[in-house]
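The following exercises introduce a structure to a reader who has not met it before. Each task is followed by a solution in steps.

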Amino acid sequence: MSALTTAARPAEDTGPRVGGARAVLALARFEARQLLLSVPVVIAFVAYIAWIVWRTRDSWDGYPALQDADRATQGGPLLVGLAVLLHANAAVLRSGRHGTEGQFAVLAVAPWRRTAAHALSVLPAVLLTAVCVGGQFAWEAAKAGAVGDGSPAELLVGPLTVLLFGVLGVLLARVLRSPAGAPLLVACLLFTLVLGTGPDSTDGLSWLSPVVVEGGGAESLPSDLLGRPAAWHALYLAGVASCVGFVAVLAAGGRGAAVRAGVALTLAVAVAGGILQARGAAPSPELTAARDRASVSPEKEQTCVERGRSSYCAFPEWVARTGTWADVVDRVQSLAGGAAHDQRLVVRQRIDARYGLGGDTAIPALTAPHQVTVGTAWGGNRVPEFSTAVAAVLVAGSEEAGSTLCDGRMVTVMWLSLSWQDDPMSALRRVRLDDSVEGSAVVLSPTDPLTMQEGPTDVVRQLLEKPDPGVAERVKAHWAELTSPGVTTAEAARLLGVTVPEKADSCED
């Protein structure tokens, strides 16, 4: 009887071989749970989420351009991807470490099916990464100062990078059965991608990297001037990740037609995406012409809005921000006297997009009277910089004239710019290049900087440290004298009722 029972068992074991797909999915669910609960992956996700919270709270001073915010989601997933790579590689090598490979050989799940399960086990980590990316971007988009449009293709880069790293760990385990392979690969990836030695340009080869960093410019560009082949790059990453997964299955013994067809198809997708993204990395003639128009003749691309007595001209994505600019102009102008109190201004948004995202070219001051430049960035230091530009135009007549002030008029300019702000002394420190409140310094503005000598600095500091309500009346009453070319800092101090500084004016300081 026992002999008959023993003989019958092989027939019973043939059943699971028919349900290979179910076995693969069951193993994939088990490995996915093990992956998500592994210490390196848990630490990576905790660090990633903490980084999102730490960075997003104050990013762009609360005024993000969403065409920049989407790219900002691509760096964090690199850490998760490296942790997933390490675990996926270790999971495939687990049977070799524990000496159970021979036992697996008698199971219905062949090595190539187990490899497919390991590749599929990466997907929950990819989906969790996508949730984190979506949460980070949604947080940025929910900010009251957010403008612009994000790209779904840019948002896909983070999750696709995790997918690529995960299946790369699986392939490495099938090709190189050493546990040292994955740590060495991670070290190389850290060196090239995290330590800043990776690609940072827009040539075709740089787009072969999972994350392509373009930056250096302080200002955002309109989304239609970015020129990033984001959709082709996402297609390329998807093709490469899928191809690596199929090659891992092939290396494990999967010789079926579906596997071979998968390798061929995904390789074709990866190659097509790589070629198309390389072509798209170079600016087209149409994009170059559009960047030139936006840089040289922005009025041809902008929408102008009348707010109060002034006009505000902005690129379409920034029109919603004109009300914020108008609040600053109104506050500065309310403190001015004479004709400047009711002077009509034209506030125009200006950029230099001719060099793409990597450009950081200074914007020259406008020579036309009563025109003020504003950039695409806002919040933080940008507010006192803009208010200083407004005050300089009200006092000197134009941006170009304001950038050359070297007499007592700088006292009036800086008082108009800073006295109304919540923390005037902090604003004074932030608007000066060296973050000082004493001595001479360069004062930042959206265009050419101004020069603030030691004498005006002393007078302005007195006015801001101990605010006197009577200063506003004295500024308006003596507006003509305070804005007269050649007025000395000592004369301005006496007119405003503060101590005359010891240091005399000198344009050579």
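**Exercise 1: The sheet**

Task: Identify the bridge partner of Ser311 in E3, and then describe how the two strands concerned are paired.

Solution. Step one: in this predicted model, Ser311 has Val346 as its bridge partner in E3. Step two: the strands are E2, residues 310-314, and E3, residues 346-349, and their pairing is parallel, over 3 bridges. Step three: the wider setting is an open sheet of 4 strands in the order E1-E2-E3-E4, with mixed pairing. At its edges stand E1 (303-307) and E4 (371-374), each of which pairs on one side only. From one strand to the next, the twist averages 20°.

**Exercise 2: Helices on the sheet**

Task: State which strands helix H16 lies across, and at about what angle it runs to E2.

Solution. Step one: H16, made up of residues 322-335, lies across E1, E2, E3 and E4. Step two: the angle between H16 and E2 is about 145°. Step three: helix H17 (residues 382-396) also packs on the sheet, where it touches E3 and E4. The direction of H17 makes about 170° with that of E4.

**Exercise 3: The cavity**

Task: Determine how many cavities of 30 Å³ or more there are, and describe the lining of the largest cavity.

Solution. Step one: the count is 1 cavity of 30 Å³ or more, and the largest cavity holds about 50 Å³ of space. Step two: its lining residues include Ala389, Ala392, Glu399, Gly402 and Asp448. Step three: H17 and helix H18 (399-402) each supply at least two residues of this lining. Step four: sorted by character, the lining has 3 nonpolar, 4 polar and 2 charged residues.

Terms used. Residues numbered from 1 in each chain as written. Predicted model: local features only at pLDDT ≥ 70, side-chain atom pairs only at ≥ 80, totals over all residues. Heavy atoms only, no water. Pairing = 2+ DSSP bridges. Axes fitted to C-alpha atoms, helices over the stretch in contact; angles between N-to-C directions. Contact = heavy atoms within 4.5 Å. 1 Å grid on protein atoms, 1.4 Å probe; cavity = no way out; pocket = protein on both sides within 12 Å on 5 of 7 lines; lining within 4 Å. Points joined across faces, edges and corners; volume = space filled by probe spheres on them. Nonpolar A, V, L, I, M, F, W, Y, C, P; charged D, E, K, R; others polar.
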